[in-house]
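Work through the exercises below with the model on screen. Try each task before reading its solution.

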Amino acid sequence: MASLGARWAGPARSRLSRSALGIQDSHAFRSSRLWARPVTSSAKPSGDPNKSRLVPILAASACVAAGAFYLSGQANTRMDLAQDTADVAGKTLRITLSPSSLASTSTSTSTVESRVAFHDALEDNPPDVTALPIEHAVLTAAPHVPPPITRTHEALVKVDLTTAPKVVQVTNQHKYEAWTFNGTVPGPFIRARAGDVVELRLTNRDETGNPHNIDSHAFTGPGGGSALTNADEGEAKTARFRLLCPGLYVYHCAAAPVPVHIAKGMFGLMYVQPADDGDGTDGTMGGLPPVDREYYVMQSEVYHEPPEVDEETGRPSQTVEFSYPQGLREEANAVVFNGREAALTRDAPLKARAGETVRIFFGNAGPNLTSSFHVIGSHFRRVYRDGDVLSPPGRFVGTVGVPPGGATVVDLKAVVPGTYTLVDHAIFRIDKGAVGFLNVAGAARPDVYGSAEPPAPCVGCKLHT
């Protein structure tokens with residue numbers, strides 16, 4: 001007759017026990033069955049028949065006791081894991097690799113929280129604007145960036161922007177009338193410091209009669225300043241804005257219809273340095289780790305009608321007009337860096353030397369498409385996602401997503417000399433113009449990148465040279 005142990009180890013029970021015990025490894029489960037092997041009725045009796053009947057009963061009892069002990073251990077383990085999971089949800093960080101990593105994480109979190117609290121307090125401590133020293137902002141056209149601010153006090157920073165139309169060679173085939181800030185697409189890079197008061201003067205010299213204004217994502221208040229700066233043709237408007245939040249922000253014209261003004265080129269970047277970054281003697285550079293070079297790059301889209309055909313020559317016009325229906329369909333005719341197809345290739349490629357570190361302040365004006373920003377053959381050693389310069393950066397990132405109206409800061413290191421290609425990794429967009437170059441000069445690094453054969457780029461390739 002079969003013993004209790006034999007029935008406990010039967011097929012149906014074995015499946016249940018394997019699940020209940022949490023045994024995942026098949027070898028371990030087979031071992032557990034060997035450990036629980038029953039004593040069957042085929043065992044030879046030894047002497048007293050009553051004693052022989054006790055053998056299977058005692059064996060079965062031992063199996064049950066051992067199984068209960070094992071289940072108790074598993075239950076305790078599951079309780080510990082459940083407790084640890086709850087602690088993680090509560091952010092107590094009980095599950096760590098070592099005491100040192102716990103201390104490092106706690107210190108980092110504490111530092112960020114204290115920096116956030118410092119900047120949160122700015123709104124409760126307004127300065128006497130009449131007593132602030134006056135500075136005129138250094139404004140630079142892309143791809144250049146103003147030098148870091150090294151002062152440790154607040155200032156009244158004057159920013160002068162002028163709007164005017166300008167015909168630009170937007171693609172290799174077509175010209176296009178852009179609407180500009182200070183005559184460039186994108187508009188100038190503006191650099192200030194948290195706690196500063198920006199005095200923005202906007203002068204409208206658009207002879208087509210369009211009103212213009214500024215909506216800066218760095219400004220706090222309804223419309224980002226658009227209602228205060230709305231200027232008709234020939235007007236100038238001045239307004240003041242206290243910078244409360246550090247980070248990298250997009251600014252753009254928000255006059256109606258807003259998407260038209262953005263699509264026509266009225267956008268730029270403003271970097272608000274943290275107010276607790278010191279004067280640079282602490283090893284920082286504008287609130288960030290020091291680098292050798294800084295650049296300014298913005299992505300945007302162009303929507304235009306088919307070129308008109310000249311009645312006399314029969315040839316299509318080289319100048320195209322904006323298309324609102326194309327914009328509504330989100331079918332961009334061109335996707336470009338810094339306002340035109342050749343901006344970072346033929347006209348002004350980025351430059352560095354091997355061994356140097358490069359920072360790119362990157363923004364996406366849209367108005368429709370999300371960018372998957374990537375530099376082919378390199379890695380972003382630091383990524384300050386969404387323009388957040390207080391939180392710890394991402395490390396060794398290959399591609400970073402930037403939505404319309406968003407911005408990011410990426411740092412890379414030029415290790416191997418050659419040409420590195422900036423792309424939106426929605427890769428069909430390279431044929432719409434989203435290509436830029438970073439040319440790196442210096443000695444070869446065969447220990448990192450090399451072959452016995454010479455490089456052989458594909459014919460006509462835009463990406464690998």
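Helices (H or I, at least four residues) and strands (E, at least two) are DSSP runs, numbered from the N terminus. This is a predicted model: local features need pLDDT of at least 70, side-chain atom pairs count only at pLDDT 80 or more, and totals for chains, interfaces and linings use all residues. Residues are numbered from 1 along each chain as its sequence is written, and side-chain values use heavy atoms, with hydrogens and water left out.

**Exercise 1. Place two residues of the annotated binding site, H217 and H261.**

Solution.
Step 1: read the record. The unreviewed UniProt entry has a "binding site" annotation covering H212, H217, H252, C253, H261, M266 and H425. UniProt positions are given in the numbering used here, feature names are shortened, and annotations may be inferred rather than shown by experiment.
Step 2: find H217. It lies in the loop between β6 (215-216) and α6 (226-229).
Step 3: check its accessibility. Buried means under 20% relative accessible area, exposed over 50%, and partly exposed in between (1.4 Å probe, protein chains only). H217 has 33%, so it is partly exposed.
Step 4: list its contacts, meaning heavy atoms within 4.5 Å. Leaving aside neighbours within four places in sequence, H217 is in contact with Y249, V250, H252 and G405.
Step 5: turn to H261. This residue lies in helix α7 (residues 258-263). H261 has a relative accessible area of 1%, so it is buried.
Step 6: list the contacts of H261. Residues up to four places away in sequence are not counted; H261 then touches W179, P211, H212, C253, A255, A256 and M266.

**Exercise 2. Describe S216: is it buried or exposed, and what does it touch?**

Solution.
Step 1: locate S216. It is found in strand β6.
Step 2: read its relative accessible area. The value is 1%, so S216 is buried.
Step 3: name its contacts. Not counting residues up to four places away in sequence, S216 touches G224, V250, Y251 and M270.

**Exercise 3. Find the strand that pairs with β4, and the residue opposite I190.**

Solution.
Step 1: recall the rule. Two strands pair if DSSP finds at least two bridges between them.
Step 2: apply it. β4 pairs with strand β9 (residues 267-273) in the parallel sense, over 4 bridges.
Step 3: find the opposite residue. I190 faces M270 in β9.
Step 4: look at the side chains of β4 (residues 190-193). I190 and A192 point one way, R191 and R193 the other way, and all are buried.

**Exercise 4. Trace the open sheet of 5 strands, then place L438.**

Solution.
Step 1: write the order. It is β13-β20-β19-β15-β17, with mixed pairing.
Step 2: mark the edges. These are β13 (350-353) and β17 (399-402), and each pairs on one side only.
Step 3: note the turn. Neighbouring strands of this sheet are turned by 20 degrees against each other on average, direction ignored. Axes here are lines fitted to C-alpha atoms, for helices over the stretch in contact, and angles run from 0 to 180 degrees between N-to-C directions.
Step 4: inspect one pair. β13 and β20 run in the parallel sense over 4 bridges. A352 has V440 in β20 as its bridge partner.
Step 5: place L438. It sits in strand β20 (residues 435-441). L438 has 2% relative accessibility, so it counts as buried.
Step 6: look across. The C-alpha atoms of L438 and A352 are separated by 7.3 Å, though the residues are 86 apart along the chain.

**Exercise 5. Classify the ring pair of F337 and F373.**

Solution.
Step 1: set the cut-offs. Rings of Phe, Tyr and Trp (its six-membered ring) pair if their centres lie within 6.5 Å; planes under 30 degrees apart count as stacked, over 60 as edge-to-face and the rest as tilted.
Step 2: count. The whole structure holds 10 aromatic pairs.
Step 3: classify. The rings of F337 and F373 have centres 6.4 Å apart and planes at 85 degrees, so the pair is edge-to-face.
Step 4: locate both. F337 lies in strand β12 (residues 334-337) and F373 in strand β15 (residues 371-376), so the pair ties together parts that are 36 residues apart in sequence.
Step 5: check burial. Both F337 and F373 are buried.
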